[in-house]
Amino acid sequence: MPPGRTNDAAPQPRFRVGLGYDLHRLEERPPRGQGRTLVLAGVTLEHDRGPVAHSDGDALYHAVTDAVLGALGMPDIGQLFPDTDPRHESADSIVFITEAATRAGASGWRIANVDCVVVLERPKIGPVREAMRRNIAAALGVGVEQVNVKGKTHERVDAVGEGRAVEAHAVVLLERAANETA
Ligand code: MG
């Protein structure tokens with residue numbers, strides 16, 4: 001098949017890669033612990049700011065969800081779970097990531113590995129990094145060693161660097177499940 005033409009009869013690849021990205025604005029929380037808490041991969045971080053979001057604003061779960069859905073060639077999280085749907089008001093984002101994992105399995109794919117970057121000026125995610133890895137691994141039904149999470153600051157520049165937003169990036173590699181390769 002020459003370049004410039006699609007070939008629907010081509011054998012399906014054994015691997016697919018997906019990229020996910022999310023950003024949530026962070027606003028100062030009212031006193032006495034009110035307002036949304038900053039949650040990343042299901043882990044609550046001590047912070048005087050919280051995400052502005054329709055759901056719980058878990059940017060890391062959202063990025064991983066979009067990476068899995070992207071690898072599958074499916075619509076993204078915003079299309080599957082619209083923020084106009086009242087059922088997703090304050091939703092625990094574990095629902096989104098587990099749905100993406102379920103769709104991957106149902107389509108004959110298994111997750112080979114996931115690599116993530118959280119860009120957050122403060123607090124440092126080091127102390128909760130392992131908890132984040134464990135939560136993502138459990139949500140996807142894979143081993144902890146298949147999930148990596150790294151933390152970066154934004155060097156005090158732009159909105160993220162000024163602490164006004166949190167950003168998350170994720171890539172996922174899907175491998176055709178063994179029973180699909182025969
Ligand atoms: Mg989001």
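Donors are N, O and S atoms within 2.8 Å of the metal. By this criterion, the donor residues of the magnesium ion follow the spacing D-x1-H-x37-H in sequence. The two histidines of this pattern link distant parts of the chain. His24 belongs to strand E1, residues 15-28. His62 belongs to helix H1, residues 59-72. The two lie 38 residues apart. The model described here is predicted.

The magnesium ion is coordinated by three residues. Asp22 contributes OD, His24 contributes NE2 and His62 contributes ND1. The distances run from 2.1 to 2.2 Å. Water is not among the atoms, so the site may look incomplete. Both histidines are buried under the 20% cut-off. His24 counts as buried because its relative accessibility is 11%. His62 counts as buried because the corresponding value is 6%.

Helix H1, which supplies His62, has 14 residues. From first C-alpha to last, H1 reaches 20 Å. This is close to the 20 Å expected at 1.5 Å a residue. H1 is mostly covered, with 13 of its 14 residues buried. Gly73 follows the helix. The phi of Gly73 is positive, near 75 degrees.

The largest nonpolar core comprises 41 residues. Leu40, Leu60, Val64, Met132, Ile136 and Leu140 touch the most other members. Two or more residues each come from strands E2 (38-40), E3 (43-45), E5 (109-119), E6 (147-152) and E7, and from helices H1, H3 (94-106) and H4 (129-140). H1 gives the largest share, ten residues. Beyond four places in sequence, Leu60 touches Leu40, Ala41, Cys116 and Val118. Its other partners over that separation are Met132, Ile136, Val149 and Ala168.

A polar contact was also found at strand E7, residues 165-176, where Glu175 is located. The side chains of Glu175 and Arg110 are joined by this contact, at 2.5 Å. Glu175 is classed as buried because its relative accessible area is 18%, under the 20% cut-off. With neighbours within four places in sequence left aside, Glu175 is in contact with Arg14, Phe15, Gly108, Trp109, Arg110 and Ala112. Arg110 thus appears both in this contact list and as the polar partner of Glu175.

Terms used:
Residues are numbered from 1 along each chain as its sequence is written. This is a predicted model: local features need pLDDT of at least 70, side-chain atom pairs count only at pLDDT 80 or more; totals for chains, interfaces and linings use all residues. Side-chain values use heavy atoms; hydrogens and water are left out. Donors are N, O and S atoms within 2.8 Å of the metal (3.2 Å for Na, K and Ca); water is not among the atoms, so sites may look incomplete. Helices (H or I, at least four residues) and strands (E, at least two) are DSSP runs, numbered from the N terminus. Buried means under 20% relative accessible area, exposed over 50%, partly exposed in between (1.4 Å probe, protein chains only). A polar contact is a pair of N or O atoms within 3.5 Å; within protein, one must be able to donate a hydrogen and the other to accept it, and residues adjacent in sequence count only if both atoms are side-chain atoms. Contact means heavy atoms within 4.5 Å. A nonpolar core is a set of buried Ala, Val, Leu, Ile, Met, Phe, Trp, Tyr and Cys residues joined through side-chain atoms within 4.5 Å. The expected span of a helix is 1.5 Å times one less than its number of residues.
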